[in-house]
Amino acid sequence: ESNYTILDAEDAKELIESCIEEAAIDTKAKRFPKGEVLREMFSFATNTDTMLEQVIAKQYPHFEPLTAQIKRVDFLYQDRKLARNAMDYDDLLVNWKKLLETKPDIAAIYQDQFQHILVDEYQDTNTLQAEIIDLLAAKHRNVMIVGDDMQSIFGWRGATVENILSFQERYPDAQIFKLESNY
């Protein structure tokens, strides 16, 4: 609905913790991840377009035996957000991308409105953010990025330096200006 609520990180963590309780998971019997850790797992999976099972196996292997329970909590979390007409920050990005992909008339409005796009710290964008930028720039293709491929620091949040490294492949007419002197 148009009157949705935005969950900040703390709200999301609390809702996830209530989902853990609802799933009747005994967090004392097994070392089950806390709400904040689950929020990070779910967010990373969303922002990198990676299956939750893969995120757990690669980044949280000590929780791999709990994958089914973690997926159950994620299912409940998604369901509760929908029932409460609420979105977390990741949902805002996912739904923005979905809107641009599925509603060409709405995408055209934004593509006309944003004729020039500037993105700073582009090396710290994640896959989802880069896809949104590409969708917004689809008409005019006027994108200026600023970044340093040697300073990508948000990989733990899903940022991928590949976005800046592959930029010229996606925008072959792009010009590169290197600032190599620090004053």
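In this predicted model, Arg39 has a relative accessible area of 21% and is therefore partly exposed. Its salt-bridge partner is Glu36, with the closest N and O atoms 2.7 Å apart. Both residues belong to helix α2, where a spacing of three residues places them about one turn apart. Glu36 is also partly exposed, at 28% relative accessible area.

The search of the whole structure returned twelve salt bridges. One of them links the side chains of Lys13 and Glu10, with an N to O distance of 3.4 Å. This pair lies in helix α1, again three residues apart, or about one helical turn. Lys13 counts as buried because its relative accessibility is 18%, under the 20% cut-off. Glu10, at 40%, is partly exposed.

A further salt bridge joins Glu101 and Lys97, at 3.8 Å from N to O. These two residues are four positions apart in helix α5 (residues 89-102), so about one helical turn separates them. Glu101 is partly exposed, with a relative accessible area of 47%. Lys97 is buried, at 16% relative accessibility. Elsewhere, Glu10, Lys13 and Glu17 form one network through salt bridges that share partners.

Arg31 sits outside the helices, in the loop between α1 (9-22) and α2 (35-48). Its relative accessibility is 62%, so Arg31 counts as exposed. With residues up to four places away in sequence set aside, Arg31 touches His62, Phe63 and Leu66. The C-alpha atom of Arg31 is 43 Å from that of Ile145, a residue 114 positions away along the chain.

Notes. Residues numbered from 1 in each chain as written. Predicted model: local features only at pLDDT ≥ 70, side-chain atom pairs only at ≥ 80, totals over all residues. Heavy atoms only, no water. Buried < 20%, exposed > 50% of the residue type's maximum accessible area, 1.4 Å probe, protein only. Contact = heavy atoms within 4.5 Å. Salt bridge = Lys/Arg side-chain N within 4 Å of Asp/Glu carboxyl O.
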